[in-house]
Amino acid sequence: MRFLFFACFVPICSIGQITLVQADFADGGDAVIMSLATDLAIDYASTGADWTWDFSSLVAESQENREFLSMSNAPFIVDLVYGSFAPSAYQASYFMENDDIPLDLAGNLLPVSITNIYQYSKVSSSKVQSLGFALSINGIDVPYKSDTIETRYELPLMYQDTYTSNGYTNIDANPIQDFIWRQYRTRSSEVDGWGSITTPYGTFQSLRIKHTIQEIDSIYLNLFGVSTWIPIPVPDSYIYEWWTNGEKDAVLRIETSNLIGAEVVSNIEFRDTFNPDLTISEQEEVAVHIYPNPASDELYIQGFDLNTRYSVLDHSGSFVSNGVLNASGSISIEELCRGSYMLFLHAKDKIVRAPFLKE
């Protein structure tokens with residue numbers, strides 16, 4: 001009886017609080033489906049301890065097939081900078097498409113064509129870091145390490161943790177073109193809430209993280225025979241994230257920008273399962289010839305270059321395979337179970353999909 005009496009007064013104050021560790025973040029070869037939604041009036045500010053967030057009314061308008069690409073897929077020259085032969089601090093875990101270089105703000109000032117922007121990241125037991133970029137300048141793949149490495153997450157991450165990190169990247173296009181882009185960033189992050197979050201994907205115990213991003217960009221170029229530095233104004237931005245254990249990306253992410261003193265929602269995305277009725281972002285519906293279909297061991301694809309990236313989803317929307325087309329223009333499906341699948345092919349300027357059956 002004395003034990004029961006004592007137990008009644010034992011405080012239960014940590015139920016629902018979780019800790020984020022390395023295993024909760026994506027690594028090379030992982031992939032997730034993110035659904036995109038629009039709600040300019042969404043409540044991103046409310047937070048606190050033992051909070052309940054209900055975002056179940058969000059409606060997916062499109063989806064994004066987000067891949068955390070293995071370093072085995074990196075171009076050779078880029079792999080020398082971020083691969084296993086690089087200094088330890090710059091050995092990346094994965095790379096993925098990124099828009100942290102605000103090209104749209106430069107308007108028509110750019111004297112070069114910049115495409116295929118990828119950010120290289122490192123995941124360890126203590127940090128998730130942005131190591132730098134690789135991009136195509138006038139069609140040439142060039143890596144650019146960040147001289148100051150930005151930390152996106154300090155690990156392990158718990159309620160009320162705070163951290164600040166700086167990033168500096170110098171993108172010098174010489175000798176391809178007399179052009180330089182410099183980016184200074186400061187990220188201030190705070191775990192300002194914990195509790196239960198509900199989205200169309202489900203209900204989860206989560207931590208809420210707020211990131212404040214301040215950035216100063218400038219470009220150096222030659223205008224009418226005079227070389228000069230031109231500042232590129234980048235408004236302060238904020239990222240509100242809800243993370244749970246084991247999902248590899250945020251369950252919900254809301255991004256806002258500070259425009260004339262007011263926060264304006266610029267992006268809403270949440271973890272989801274594949275929905276064949278929704279459009280995959282940047283997807284182009286074109287005819288894809290795959291054979292044989294059904295197939296048992298090898299699936300051959302016509303009309304795509306070797307080393308084209310692919311990913312395969314099963315009927316439930318879960319990723320089961322990814323990689324690049326091999327020398328025979330095929331992929332191995334020998335390890336897949338019998339059933340229906342969706343193949344995604346990631347070409348330079350489009351994503352296409354094609355259903356197939358495994359015998």
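## Ser-340 and its surroundings

In this predicted model, Ser-340 sits in strand E20, which covers residues 339-346. How exposed is Ser-340? Its relative accessibility is 38%, so Ser-340 counts as partly exposed.

Setting aside residues up to four places away in sequence, Ser-340 touches Asp-314, His-315, Phe-356 and Leu-357. Pro-355 is 15 residues from Ser-340 along the chain, with 7.3 Å between the two C-alpha atoms.

## The overall picture

Zooming out, the protein has two helices and 21 strands. It runs to 359 residues, and 48% of them count as buried. Take the contacts between residues at least 6 apart in sequence: 63% of those join residues at least 24 apart.

As for the surface, the accessible area comes to about 17700 Å², and carbon and sulfur atoms account for 52% of that.

## Two nonpolar cores

The largest nonpolar core has 21 residues, and the members touching the most other members are Leu-20, Phe-25, Tyr-153, Leu-157, Ile-209 and Trp-243. Which elements give two or more residues to this core? They are strands E1 (31-37), E4 (94-97), E9 (180-199) and E10 (202-223).

Leu-20 is a good place to start exploring. Beyond its neighbours within four places in sequence, Leu-20 has contacts that include Phe-25, Leu-157, Ile-209 and Trp-243, and also Leu-155, Pro-156, Leu-207, Thr-244 and Asn-245. There's a second, separate core too, with 19 residues, among them Val-112, Leu-135, Ala-173 and Ile-232.

## Salt bridges

The structure holds twelve salt bridges. Arg-66 takes part in one with Glu-64, where the closest N and O atoms are 2.9 Å apart. Arg-66 has 11% relative accessibility, so it counts as buried, whereas Glu-64, at 26%, is partly exposed.

Arg-66 also forms a salt bridge with Glu-269, again listed at 2.9 Å from N to O. Why does this pair tie together parts 203 residues apart in sequence? Because Glu-269 lies in strand E14 (residues 262-272), while Arg-66 is in strand E3 (residues 62-67). Both Glu-269 and Arg-66 are buried. Zoom out a little and there's a salt-bridge network linking Glu-64, Arg-66, Glu-241, Asp-249, Arg-253 and Glu-269.

Then there's Arg-187 with Glu-150, a salt bridge at 2.7 Å from N to O. This pair links distant parts of the chain, 37 residues apart: Arg-187 belongs to strand E9 and Glu-150 to strand E7 (residues 140-154). Arg-187 counts as buried at 5% relative accessibility, and Glu-150 counts as buried at 6%.

Methods: Residues numbered from 1 in each chain as written. Predicted model: local features only at pLDDT ≥ 70, side-chain atom pairs only at ≥ 80, totals over all residues. Heavy atoms only, no water. Helix = DSSP H or I, 4+ residues; strand = E, 2+ residues; numbered from the N terminus. Buried < 20%, exposed > 50% of the residue type's maximum accessible area, 1.4 Å probe, protein only. Contact = heavy atoms within 4.5 Å. Areas by Shrake-Rupley, 256 points an atom, 1.4 Å probe, with all protein chains shown as cover. Core = buried A, V, L, I, M, F, W, Y, C linked by side-chain atoms within 4.5 Å. Salt bridge = Lys/Arg side-chain N within 4 Å of Asp/Glu carboxyl O.
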